[in-house]
Each structure stands twice: as structure tokens, then as C-alpha cells.
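User: I have a chain on screen and some labels I would like justified. Can you take me through the reasoning behind each one?

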Amino acid sequence: MSINPVLTTELPFALPDFANATPRDYHVAIEEGMRSQLGALAKLRQDGSPATVANVLAAWDRAEGPLRRALNVFFSAYASDATDEMIAIEQEIAPRLAEHSDSIYLDGGLYARLQDLSGRIGAGEAEADGEDRYLLDELLRAFRRAGVELSEDEQTRLRAMNKRLAELQSRFETLNREARVAGGLEVAEDELEGLTEEEKAVLETDGAYRIELVNTTQQPLAAKLADASVRRRLLASSMNRALSGEFDTRGLIVEIARLRAERATLLGYPNHAAIVAESGTAKSTDAILDMLVPLAQAALAKAREEGEELRARYAELNPGSEFTAADWTFVEALLRRERFDFDEADLGEFLQVDKVLDAVYAAAGELYGLTFKLRDDLVGHAPGAQTYEVHDDDGLVGLFVMDFWARPTKNGGAWMTNLVDQAHETGDLPIVTNNCNYTPATTTISWDDVITMFHEFGHALHGLLADTRYAGMSGTNTPRDFVEFPSQVNEHWAWTPGRVLPAEWLEKLEAASKFGQGYATAEVEISSLLDLVWHTTPLDELPTSADEVEDFERRALAKYDLVDDLVPPRYRTQYFAHIWGGGYAASYYGYAWSKVMDADAVAWFEENVDGDSPAMSLREAGEHFRRTLLAPGGSVDPMETYRSFRGRDPELAPLLERLGLTI
Ligand SMILES: [Zn+2]
């Protein structure tokens, strides 16, 4: 019916008609998507016939279809090419999408229809398989987390809390940004020894020099600044930002933490972290602590060993002066140069963009039997993107769109998106994108870029190899503490000798990458624990005023033996933007959680395909990973998919070994 280029399904693979889509078409498609979803859900709610999987769950997934497609397509194009018109659309739709979601998840009639189906399945009156039951349970939980079971008065209170929290979080972001800017350090030119002329020029305005702070506690320039007193002033400025004066964030933090705790109680949960854990793989805060505490403690123990080495080298260079946290990255960089120095330019012949993409494809061929065919005739989501048809032994798998190139309108970094989600209900094959930021003249990339290309392609494989009934549960539509794991596993295949680099180079790179892992892991996991303590502490034990915040932080870390002045958290409470501003409250652990599964999964591959008489070929091992872990996407409890892949729960030991840690 629709001839909107965003929604049309007439092109091969139902690829959106990017060549003809205007910003207005995106806007109209999103509007149409919201309207049609509400219309279809109204029918679902009012349907008088007995509830079945077909008229509830399949209808639910179908109702979401046009909006899902419009948003997938819009956000893919927006991230890669955010013109002013696209930015204006994003700002206009963001609050409306939040309202739209509330109007669905606080709809008691819809909830009742889902419960009705659940009751009929329980009584054996309606048929459902595991995938149906899981989707239904997830939907019922999402309604409860949104507050559908509350009384009208309570829902009014909840809405007021949500609104207040949104305001506070946004004010925190602004204040934290201002505190960071205000924390910048004025320095004299002769204090900048160790920096190149180019680096100095970046710091200079009208003859005055200023070092701006970055988000983290440790500041990147400290690794280069030879003057210890500047390093000390810089670290102090970083750690003390947002603690006093007009940019003090602590009052906001106290109110946010208390409101989140209060809201959790209203929703019937022990604390905010419990709500977050329930919607993830971890399921409980105890499970998170069981992973996080030993990891953080082992990392801190290793960091202390590293610290002894650094202290000794520092003493040789500066007899009699004390080694502090401000000297850490400086001495570490020095030792790194002394031990592992080599010129990455020597790797250039191996790291050409096209060769690396061929290697990424070759790994997917060896593991999953995939082949890739360029489709010059199909236009991707961004100018200059290349489109490939993906096949396996059984035929067509989907479409992969690669957007390598940087442009002024593109987000930084690298990422994957879905344009179309695979689903048996709709018959759609997946279309996924990968996006990098290479300047168009680039021919060779760095080793870090190589790892990133394998990483993002790991997300792409999760989308491409999806094999599920419902689009909403397909591929990378999994919890946040799970979704990074398959992509991290794919990084491993960059390290196969001869695939990208010869073995001798890989050995050098591996030795260099292990150095300093104690500190790097400790500073992150100490922050993870801080996040968790803030979001598991009961309301009556949370600070009630700004003055109590620093003491709360210190006691939280002391409880787990994680206080060490040489190893401060990567983010202190008052500038921990992930948890107070962004959407990572009680979720920062997710990075470590997926790394545990990643290292444990890679260990499985090593156990089964390495050695003189391996249990299976790489292709067989890949097939097992594909069928048990990638194909189910979010259609099964992610811990269950993990168990069906590994035969047991994930264990911490392989990650500890990878990082060179022991407990
Ligand atoms: Zn990722």
C-alpha cells in the first residue's frame, strides 16, 4: 500500500529505497509506524475471541513491524549521515517515542489480554512452544517494570518520578560537562615538556596554555607530561571536579539515587539494580557480585604488582621522590616503550582495508561456510557504502552493508545496525550494516581498527545468522549484558596466525596487549562496583545530603577491599556520567559480564579445535556456535543459550587467565 521509500518492500531483500528517500519520508514513516502500531494493538486488545499465540503474540510482533522498520532505517541513516534535517527529526521524535512506549506499556487492557493468553497456555487451552512462552514472559515483565500493575494514584506518582528523574539526569549531564570544562588546567609553556609541538599547539590560545579534562579519572596527557608537579595538579583537578562550587553534582546524585530506590520499592523490587538485573542475563545482583568482586580484587592485586615495578623504575629516575597515582600512566608508557616498542608502520603491508575485510570474510567462511558477493546495484544506508549478498551452504542468508568512510555528518567510532530483522513470521531475511570511520584516502588501518572490524562483524553475524520466529527477538535484540559477547568472540579470529598478520607480529602484539591489564581492569571494575553499591543500597542507608557522598564512596569500596590511592576508580561518583546521566545505571557491569562469557567461549573453541587430535574441525565448532548461540538471538533466555552452547554456566577462570590474573 505504502509507496514511502523507507517502507517499500519492492526492492530485493525488501531493502529500503535509500536512493529516493528524503528526510521527510523518514519522518512520515515513523509517524505512520506509531499510528499503525496503536491501531493494531487496539484491535488486539478488543479481540473478543479466545486468546491464542496467533492473535496475541504474532499480532503483537506484526503490529510493531512498520515502526520497527522505520526506526531501524532512520537511526541507521541518522548515525551515518546526520544532516541538519535528520537531527531536527530526531529531536522531535525522541520525547514522542517515550510517550508512545508509555501509552503501550501502561495499557491495562493490553496487559490483561497477555495475561489471558498466559492463563490459557498454563491451563493447556492454548498451544505455545518455548519461543512463544519466552516472548510472552518477557512482555509481561516489561509491563510490570513499566508499572502497569500499580493503582491509578501510584501510576501518577510513578509518572512524576520518571519525569523528575529525566530532568535530574539531564541536569547532571549539563553540570558534569561544565565541571569538566571548568576543571581544565592552566599551565605555562615550560611545564609541557614531553609533548610534541603539535600537541602543545592544540593546548594554546592567544599564548596561554590549558589542558582540558576528559571524562575519566586518569588523563591521557599524563602519560606524556614529564613534569611530575603538572601531572599531580592535573590528576587532582580531575578527581576533585564537580565536588564543590557552582558545578557541584552531588546534590543531584543524592536525589537521583534516592528517587531510583523509591521507584524500585513502588514497583515491588528490592532496589534499582534488581530491576536492571532482571531484564538482563545476570538476573540477580548476587550473580553480578559473584563475578565482579573476585574479578575486581584479582585485578587490584595484579595492579599492585604492576605498581611495584613502576615504583622501582620511578625511583631509578627520580631518587627520593614519592611514586603516586599521577605518575602511573607516565611510567607505564615509559616501560611499554622500553619493552615492546615497534613501529606499527611496519605492519602496513598487512593492514590494508580491503585485505582486512577479506580476512574478516575468510574467517566467517571457515567458521560458518559463508560467502560474500558484491551487489553494486543495491544502494546502502549511507553514501559510498558497499552492499554484499551473503550465502551459506543452503543458499541466501541476507544482505550486509559496509560503510567504511568518515564524513562530517557521521557519529564517531564504529557500530553495527539492523536495517531489517530476520523473522520467520514475516519471512524477512536480515539486512545488517557495519560502520567505521576511515578517512576516504585511507588504505591501511591500525591493529586496533582490525580488532574493531572483527568486533563489529561479530555483531553483524549475530544479526545475519538469526533464526527466530519473531522480529522483536531476533539477532542482536538481546539484553545489554549479553549483546557484546558474540562480537567479542569474533575478535578472537583476528589473532589466527597468517589470517591478517604473521605469527611473529602477533606474538609481539599479544605481549604488549597483556602489559598493564591489572590496572586497566581494576579501575573499570572498581567503578562497576561503585555503580552497583549506589543502586543496591536501601533508601534509608543512602546519603541524604551532598556532604555524605564522598564518605559513601569510600565506605562502598572499603567494604570490598578495593581502596587503593594508587588505583582510583576510572570514574568517581560525582563524574560517573554513565550511571547518572546516560542509560547505564546499574549496568556498567555488563562490559565485564560479556567479557567473562567471551573468554569462556573462546576457551571452548581452543579445547575443541586446537591440539594434535581435535574433537572437531573449526567448521564444525563454528556450526555449533552458530546453531546454539547466534541463531536463537533474544528468543530464548540468554543464559540458556549459553548453557546449550557450553554445556554449563560461564566460568571466570578463562578471563582471569587472559588478563594474567589469579585469585
Ligand atoms: Zn560492540
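Analyst: The turns below take the labels one at a time. Keep in mind that this is a predicted model.

User: Why is helix 1 called roughly parallel to helix 3?

Analyst: The axes of helix 1 (residues 23-46) and helix 3 (residues 84-105) cross at roughly 5 degrees. Angles under 35 degrees count as roughly parallel. Therefore helix 1 is roughly parallel to helix 3. Their axes come within 10 Å.

User: Which residues make that contact, and what is its make-up by class?

Analyst: Helix 1 brings Pro 23, Tyr 26, His 27, Ile 30, Met 34 and Leu 41. Helix 3 brings Glu 85, Met 86, Ile 89, Ile 93, His 100 and Ile 104. By class, nine are nonpolar, two polar and one charged.

User: What makes helix 14 and helix 15 oblique?

Analyst: Helix 14 (residues 447-464) and helix 15 (residues 480-491) have axes that cross at roughly 130 degrees. The roughly perpendicular range is 65 to 115, and roughly antiparallel needs over 145. The value fits neither class, so the two helices are oblique to each other. The crossing is right-handed, and the axes come within 7 Å.

User: Which residues meet there, and how do they divide by class?

Analyst: From helix 14, the contact includes Ile 451, Phe 454, Phe 457 and Leu 461. Among their counterparts in helix 15 are Pro 486, Val 489 and Glu 491. The contact residues divide into six nonpolar, seven polar and two charged.

User: How do you know that strand 2 pairs with strand 3?

Analyst: Two bridges join strand 2 to strand 3 (residues 208-211). Pairing needs at least two bridges, so the pair qualifies. The two strands run antiparallel, and Thr 205 stands opposite Ala 208. In their hairpin, two residues lie between the strands, and Asp 206 takes a positive phi near 50 degrees.

User: What about strand 1: how many bridges join it to strand 3?

Analyst: Three bridges do, and the strands run antiparallel. The cut-off is at least two, so strand 1 and strand 3 pair. Leu 185 stands opposite Ile 211.

User: Why do strand 1 and strand 2 count as edges?

Analyst: The open sheet has three strands in the order 1-3-2. Strand 1 (185-187) and strand 2 (204-205) each have a single partner strand, so one side of each is left without a neighbour in the sheet.

User: Where do the domains fall along the chain?

Analyst: The domain assignment gives domain 1 (12-148), domain 2 (169-247) and domain 3 (353-510). The centres of domain 2 and domain 3, taken over C-alpha atoms, are separated by 37 Å.

Note on methods
Residues numbered from 1 in each chain as written. Predicted model: local features only at pLDDT ≥ 70, side-chain atom pairs only at ≥ 80, totals over all residues. Helix = DSSP H or I, 4+ residues; strand = E, 2+ residues; numbered from the N terminus. Domains from an automatic or database assignment. Axes fitted to C-alpha atoms, helices over the stretch in contact; angles between N-to-C directions. Left-handed = near helix turned anticlockwise from the far one by under 90°. Contact = placed C-beta atoms within 7 Å. Nonpolar A, V, L, I, M, F, W, Y, C, P; charged D, E, K, R; others polar.
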